[in-house]
Amino acid sequence: MSSTDKPGDTEHRPTSSTPAHAPAGVDYFKFDVILRFLLFAASLVSVVVIVTGNETKFLRPAKFRYSPAFVYFVAALSVAGLYSIITTLASLYAIKNPALKAKLLLYFILLDVLILGIIASATGTAGGVAYVGLKGNKHVNWNKICNVYDKFCKHVGASVAVALFGSIVTVVLIWLSAYSLHSRVPK
């Protein structure tokens, strides 16, 4: 007993013979897998809905591929779907191999932020074009088209809404990974 210890002091202090263990952190990888599957489902549904929304009225077709904004939207959501498949498999592998979890969390944060930027920009672009199709723009003499191509516009609107849900799922994934990584840092 040292001179600074009090006789009733029972607090355990690590010594050289008792190693201090690093905190394990919070493990949300099972929830991570569920969210990544939701991201895949949202991406897939968005792509399928906009691609199947073709409509022809008065011998004039309305197709997603006629607008560069919608083509970018389909390409971006396809990339997000592929990314979600790859990261879901990586999360499942991390559940089986816990030594990789901390490193994967850092990579997930960085790549999820990148995918969020891609999804959000594509959703905003498609949403802006869809809004002009719905309301028109009197200042530049662009007429609204959704009163003619109602099925096409409904498909585009639904696809943008589901993609917005995918953006929210990606934000939750970033928060989850950041919190899990933060909980692993020794205090």
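Visitor: Which residues does Ile-50 touch, not counting residues up to four places away in sequence?
Guide: This is a predicted model, and a touch here means heavy atoms within 4.5 Å. Ile-50 is one of the buried residues of helix α1. Leaving out residues up to four places away in sequence, its partners are Phe-64, Phe-70, Phe-73, Val-74, Val-156 and Ser-159.

Visitor: Which residues have the most contacts inside the largest nonpolar core?
Guide: That core has 17 residues. Helices α1, α2, α3 and α4 each supply at least two of them. The residues with the most contacts inside the core are Ile-50, Phe-70, Phe-73, Leu-77, Phe-152 and Val-156.

Visitor: Which helix gives the most to this core?
Guide: Each of the helices α1, α2, α3 and α4 supplies at least two residues of the core. Five residues come from the helix that gives the most, and that helix is α2.

Visitor: How many residues does the second, separate core have?
Guide: Leu-35, Ile-115, Leu-173 and Leu-176 are included in this second core. Leu-35 is also listed among the buried residues of α1. The number of residues in the second core is nine.

Visitor: In what pattern do the helices and strands follow one another along the sequence?
Guide: The protein has four helices and two strands. Read along the sequence, a helix comes at the start, then the two strands, then the other helices. The pattern is α-β-β-α-α-α.

Visitor: What covers the buried residues of α1?
Guide: Helix α1 runs over residues 29-51, and its buried residues include Phe-29, Arg-36, Leu-39 and Ser-46. What covers the buried residues of α1 includes α2 (68-96), α3 (101-135) and α4 (150-183).

Visitor: How far does α1 reach from its first C-alpha to its last?
Guide: Helix α1 has 23 residues, and at 1.5 Å a residue 33 Å is expected. The reach in the model is close to that value, at 33 Å.

Visitor: Why does the span of α3 agree with the expected one?
Guide: Helix α3 has 35 residues, so at 1.5 Å a residue it should span 51 Å. The distance between its end C-alpha atoms agrees with this, at 48 Å.

Visitor: Which residue just after α3 takes a positive phi?
Guide: Helix α3 covers residues 101-135. Just after α3, a phi of about 75° is found at Gly-136.

Visitor: Is Leu-104 buried or exposed?
Guide: Leu-104 lies in helix α3 and touches Ala-90 and Ala-94, residues up to four places away in sequence not being counted. Buried means under 20% relative accessible area. Leu-104 has 15% relative accessibility, so it counts as buried.

Visitor: Which backbone oxygen does the side chain of Ser-183 reach?
Guide: Ser-183 is in helix α4. Its relative accessible area is 14%, so Ser-183 is buried. At 2.8 Å, its side chain reaches the backbone oxygen of Ser-180.

Visitor: Which residues does the UniProt annotation "transmembrane region" cover?
Guide: The annotation comes from an unreviewed UniProt entry. Two of its stretches can be described from the model: residues 33-51 are 100% helix, with end C-alpha atoms 27 Å apart, and residues 107-134 are also 100% helix, with end C-alpha atoms 40 Å apart. The record lists residues 33-51, 71-95, 107-134 and 155-178.

How values were computed. Residues numbered from 1 in each chain as written. Predicted model: local features only at pLDDT ≥ 70, side-chain atom pairs only at ≥ 80, totals over all residues. Heavy atoms only, no water. UniProt positions renumbered as here; feature names shortened; annotations may be inferred. Expected span 1.5 Å × (residues − 1). Buried < 20%, exposed > 50% of the residue type's maximum accessible area, 1.4 Å probe, protein only. Core = buried A, V, L, I, M, F, W, Y, C linked by side-chain atoms within 4.5 Å. Polar contact = N/O pair within 3.5 Å; in protein donor to acceptor, adjacent residues only side chain to side chain.
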